[in-house]
Amino acid sequence: MAKIIVLDPGHGGPDSGAVGNGLREKDVTLAIAQRAARLLRTMGADVRLTRNDDRVFSEDKATDLNERADFANKLHADYFISIHINAGRGTGFESYIAPSVANQEAARHQNIVHGEVAGVFQGTGLPDRGKKTANFAVLRRTSMPAILLECGFIDQVEDASRLKNLAFLDNVAQAIARGAARAVGLGAASPAPNPVPKSLSKYYKDIIPGMEWGTDSVDALYERGIMRGDGQGNFRPTETMTRLEAAVAINNAIEYILKQTGKS
Ligand SMILES: [Zn+2]
């Protein structure tokens, strides 16, 4: 049975969440959740989102939060991750679990996921505000380990500039996916036929566990000069390709083949 991970993009519909610097919390949380969902699916998780567009279960805030938790409870999910953007003139990343002594698994998961995401923030100079507890409805009402992530401050110029950068959102989503995969033990239940794990990309840092099946191709395309990353060590494996980028890659491939066969 695949591990079921519920991603909960905070707010939606008439509830924008926090706003600032031209951003709305509900848009940023959805962008991060959708990116993390794609990655976790490539790792074999059964990922469900409490919303996959700009809507809510209920326009009544309390009812909506309860519905989000019940959504995960009915699925008997293995992990619940609520994604939010902070406000209030702070800066950096923090995470929350419910303040219960019986919450050891949630705390263990928090250690892993928090470490991954905080690392991305710290990598761009934004602080780790720490692992916290709070009695939030989605944490209190969910019957599986649950975490709520506050991914930067929308009303802080430095944080908002990161949140406007799609590469940063990719990195945050990758960190969430990596952390969640490690926390629930994705792949641990069904070992690959080859017990020796392949090393990941020689050229890129964002070819992560779960992408083993494409790593050789990515590296070969680099070595043959057919397709390169962003010049900063990222291949951006989950981003879509434009027609222009496709034209360049296809033409590079044709030139490579012609060179190999001595026809050019
Ligand atoms: Zn929020």
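## Elements and model

Helices (H or I, at least four residues) and strands (E, at least two) are DSSP runs, numbered from the N terminus. With this numbering, Arg-224 can be placed in the loop between H7 and H8, and at 46% relative accessibility this arginine counts as partly exposed. The C-alpha atom of Arg-224 is separated by 26 Å from that of Leu-39, a residue 185 positions away along the chain. The structure discussed here is a predicted model.

## The zinc site

Which residues coordinate the zinc ion? The ion is held by His-11 through NE2, by Glu-25 through OE and by His-84 through ND1, at 2.1 Å. Along the chain, these donors follow the spacing H-x13-E-x58-H. Two of them, His-11 and Glu-25, link distant parts of the chain and are 14 residues apart: His-11 belongs to the loop between strand S1 (4–9) and strand S2 (19–20), whereas Glu-25 belongs to helix H1, which covers residues 25–42.

Are His-11 and Glu-25 buried or exposed? His-11 has a relative accessible area of 12% and is therefore buried, since buried means under 20%. Glu-25, with a relative accessible area of 3%, is buried as well.

## The nonpolar cores

The largest nonpolar core has 54 residues, and among these Leu-7, Ile-32, Leu-40 and Ile-81 touch the most other members. Helix H6, which spans residues 166–184, gives the most to this core, contributing 11 residues. A second core, separate from this one, has 13 residues, including Phe-80, Val-138, Leu-139 and Leu-148.

What surrounds Leu-7, when residues up to four places away in sequence are not counted? The residues that Leu-7 touches include Ala-33, Ala-36, Ala-37 and Leu-40, and they also include Val-47, Arg-48, Leu-49, Thr-50 and Ile-81. Two of these contacts, Leu-40 and Ile-81, are themselves named with Leu-7 among the residues that touch the most other members of the largest core.

## Salt bridges

How many salt bridges does the structure hold? There are 17, and a few of them can be followed here in detail. In one, the side chains of Asp-53 and Arg-55 meet at 2.7 Å, taken from N to O, and Asp-53, at 30% relative accessibility, counts as partly exposed.

Another salt bridge joins the side chains of Glu-116 and Arg-178, with an N to O distance of 2.9 Å. This pair links distant parts of the chain, for Glu-116 is in helix H3 (residues 104–123) and Arg-178 is in helix H6, 62 residues apart. Glu-116 counts as buried at 15% relative accessibility, while Arg-178, with a relative accessible area of 23%, is partly exposed. A further pair is made by the side chains of Lys-202 and Glu-223, which meet in a salt bridge of 3.2 Å, N to O. Lys-202 lies in the loop between H6 and H7 and Glu-223 lies in helix H7, so this salt bridge ties together parts that are 21 residues apart in sequence. Of these two residues, Lys-202 counts as exposed at 62% relative accessibility, and Glu-223 counts as partly exposed at 46%. Salt bridges with shared partners also join Asp-8, Asp-64 and Arg-68 into one network.

## The surface patch

Ile-250, Ile-254 and Leu-258 together make a nonpolar surface patch of about 250 Å². Ile-250 is part of helix H8, which runs over residues 243–260, and at 52% relative accessibility this isoleucine counts as exposed, because the exposed class covers values over 50%.

## Positive phi angles

Where in the chain is His-76 found? His-76 sits in the loop between helix H2 (61–75) and strand S5 (79–86). Although His-76 is not a glycine, its phi is positive, at about 50°. With a relative accessible area of 65%, His-76 is exposed.

Arg-236 also has a positive phi, of about 55°, without being a glycine. This arginine is found in the loop between helix H7 (212–223) and H8, the loop that also holds Arg-224. Arg-236 has a relative accessible area of 28% and is partly exposed.

Methods
Residues are numbered from 1 along each chain as its sequence is written. This is a predicted model: local features need pLDDT of at least 70, side-chain atom pairs count only at pLDDT 80 or more; totals for chains, interfaces and linings use all residues. Side-chain values use heavy atoms; hydrogens and water are left out. Donors are N, O and S atoms within 2.8 Å of the metal (3.2 Å for Na, K and Ca); water is not among the atoms, so sites may look incomplete. Buried means under 20% relative accessible area, exposed over 50%, partly exposed in between (1.4 Å probe, protein chains only). Patches are made of residues with over 30% relative accessible area and no salt bridge: like charges are joined within 9 Å, nonpolar side chains (Val, Leu, Ile, Met, Phe, Trp, Tyr) within 5 Å. Accessible areas come from the Shrake-Rupley method with a 1.4 Å probe; for residues, only the protein chains shown count as cover. A salt bridge is a side-chain nitrogen of Lys or Arg within 4 Å of a carboxyl oxygen of Asp or Glu. A nonpolar core is a set of buried Ala, Val, Leu, Ile, Met, Phe, Trp, Tyr and Cys residues joined through side-chain atoms within 4.5 Å. Contact means heavy atoms within 4.5 Å.
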